[in-house]
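Me: I'm new to this one and would like a close look at a single part. Could you walk me through the barrel and what surrounds it?

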Amino acid sequence: MLQRLTKSCLLVAFFCAPRTYGASYSVLSSAGLMQQPTSHYYHFVYGGSGQAEFFEQKFLVRGSYLQRPKFEEAGFVDQDSGAFAFVGSQIAGNKIFGVTALIGGGRINGYIRATDEYYSSEDAPERSYSISGLSTALEASARWGSLHVAVNHQTFVGYVDREQLNAYVGWPYNFFLVNVGFTL
Amino acid sequence: MKRRFLLLLIAVTALFNATKSAAAGSDDRVTYSLMLQSLAPNAGGQQAYALRRGTDKIEMSLFANRSLYAGNFPLMGATYDWRFAICGRSCFWQFYAQAGVGLSTAGPMVEILWSSILLWTVRIDMATHLIVIPNRVITWSYPLWVGFAIPL
């Protein structure tokens with residue numbers, strides 16, 4: 001009963017928020033480039049995000065997902081993906097053009113799997129990794145009516161344990177994205 | 001002894017700035033920062049040094065990275081950043097988003113940087129440099145770049 005009541009209250013708050021706090025909701029699709037920590041190649045990435053903005057973009061909450069297409073070559077297939085949660089604020093500009101700063105965290109996962117029978121029979125037919133960390137983004141955006149277009153740079157720094165920290169090791173990822181979407 | 005002295009220095013600087021910040025309104029005061037060591041995806045990190053001079057609105061820097069070479073010399077450059085204060089000089093934990101342009105010995109560059117200054121003295125940056133060289137753009141990260149801030 002209490003659970004239902006809580007859910008109902010949350011739903012009412014969610015739909016009443018636009019009137020009360022000047023809130024709006026956006027869905028965005030993303031495409032761009034990713035650079036991994038140990039590589040100087042740029043990989044194509046795509047994904048999407050959902051965003052709730054309050055107080056005329058003074059405060060926003062965003063969840064996003066990005067992944068790189070599967071790459072298959074020489075008997076192996078590999079892929080990376082990441083999910084992130086941000087809070088942010090428009091720090092410069094007006095209602096049409098603006099700069100938004102976002103900070104949050106996320107997790108990046110990846111794998112490399114042997115597809116060739118010869119490699120599959122080896123001891124480690126699949127290797128994967130998962131790394132959590134801090135993420136920040138700086139975004140320049142423009143809005144025309146409900147259309148929302150943005151250019152975004154996102155950095156992700158993976159968590160390092162004490163041993164890695166003592167060796168001054170860090171795991172930076174960089175994303176250069178174009179986000180296009182609509183405000184609902 | 002050295003640690004005690006350092007803690008005392010941080011405490012005095014913090015106290016000094018806390019009283020100054022309480023009296024100050026809009027902030028155009030200057031902070032100098034000396035960045036000393038950055039993490040890197042390889043063991044040993046990167047010996048990257050920077051001298052930065054910033055207010056709540058802009059920041060200028062000179063940097064040198066002894067782990068990267070442009071020709072026969074370590075990578076060096078200068079940047080000019082526009083600074084967006086999320087919590088500025090009057091905060092005990094300052095936080096800035098920055099974007100800027102610059103010149104380096106490898107070519108023209110763009111800097112995107114997040115800086116955090118704790119108690120007006122300990123500075124930690126997350127920086128990304130995009131350096132334009134013939135036929136490509138190099139992205140180079142300073143995942144956590146640690147240094148000292150000297151507020152004036």
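Reply: Here is a walk around the barrel, then across to the neighbouring chain. Keep in mind that this is a predicted model.

Let's start with the barrel itself. In chain B, 8 strands close into a barrel, and going round you meet them in the order S1-S2-S3-S4-S5-S6-S7-S8, with antiparallel pairing. From one strand to the next, the twist averages 25°. As a general point, strands of a sheet pair through backbone hydrogen bonds, either parallel or antiparallel.

Where does the ring close? Look at strand S1 of chain B, residues 31–38, and strand S8 of chain B, residues 136–151: they run antiparallel and are joined by 7 bridges. To find a spot on that seam, pick out Leu34(B), whose bridge partner in S8(B) is Phe148(B).

S8(B) also pairs with strand S7 of chain B, residues 122–133, again in the antiparallel sense, over 11 bridges. S7(B) and S8(B) make a hairpin with 2 residues between them. One of the bridges here links Ile133(B) to Arg136(B) in S8(B). In the turn, have a look at Asn135(B), which has a positive phi of about 75°.

A bit further round the barrel, strand S5 of chain B (residues 93–104) and strand S6 of chain B (residues 108–118) form another antiparallel pair, with 11 bridges. A handy landmark there is Gln94(B), which stands opposite Ile117(B) in S6(B).

Now for the contact between the chains. Chain B puts in 20 residues, and chain A puts in 20 residues. On the chain B side, the elements that give two or more residues are strand S4 (73–87), S5, S6, S7 and S8. S8(B) gives the most, with 5 residues. So S8(B) is worth following: it pairs with S1(B), it pairs with S7(B), and it is the top contributor to the side that touches chain A. That side has 14 nonpolar residues, 6 polar ones and no charged ones.

Next, the packing. The largest nonpolar core has 35 residues, and those with the most contacts inside it are Phe175(A), Ala48(B), Ala97(B) and Trp145(B). Strand S9 of chain A, residues 171–183, supplies the largest share of this core, 4 residues. A second, separate core has 5 residues, including Leu75(B), Ala106(B), Met109(B) and Trp140(B).

Which residues does Ala48(B) touch, leaving out those up to four places away in sequence? They are Met35(B), Ser38(B), Phe63(B), Asn65(B), Ser67(B), Tyr142(B) and Trp145(B).

Finally, a quick look at the partner. Chain A has 3 helices and 9 strands, and from the N terminus on they run α-β-β-β-β-β-β-α-β-β-α-β. Of its 184 residues, 29% count as buried. Among contacts in chain A between residues at least 6 apart in sequence, 51% join residues at least 24 apart.

For one residue to zoom in on, try Ile103(A), in strand S6 of chain A, residues 97–114. Ile103(A) counts as partly exposed because 16 other C-beta atoms lie within 10 Å, while 20 or more would be needed for buried. Apart from neighbours within four places in sequence, Ile103(A) is in contact with Phe86(A), Val87(A), Gly88(A) and Thr136(A). Gly145(A) is 42 residues from Ile103(A) in sequence and 26 Å from Ile103(A) in space, C-alpha to C-alpha.

Definitions and conventions. Residues are numbered from 1 along each chain as its sequence is written. Chains are lettered from A and ligands numbered from 1 in the order in which they are written. This is a predicted model: local features need pLDDT of at least 70, side-chain atom pairs count only at pLDDT 80 or more; totals for chains, interfaces and linings use all residues. Two strands pair if DSSP finds at least two bridges between them. Axes are lines fitted to C-alpha atoms, for helices over the stretch in contact, and angles run from 0 to 180 degrees between N-to-C directions. Two residues are in contact if their C-beta atoms, placed from the backbone, lie within 7 Å. Ala, Val, Leu, Ile, Met, Phe, Trp, Tyr, Cys and Pro count as nonpolar, Asp, Glu, Lys and Arg as charged, and the others, Gly among them, as polar. A nonpolar core is a set of buried Ala, Val, Leu, Ile, Met, Phe, Trp, Tyr and Cys residues joined through C-beta atoms within 7 Å. A residue is buried if 20 or more other C-beta atoms lie within 10 Å of its own, exposed if 12 or fewer, and partly exposed in between; C-beta atoms are placed from the backbone.
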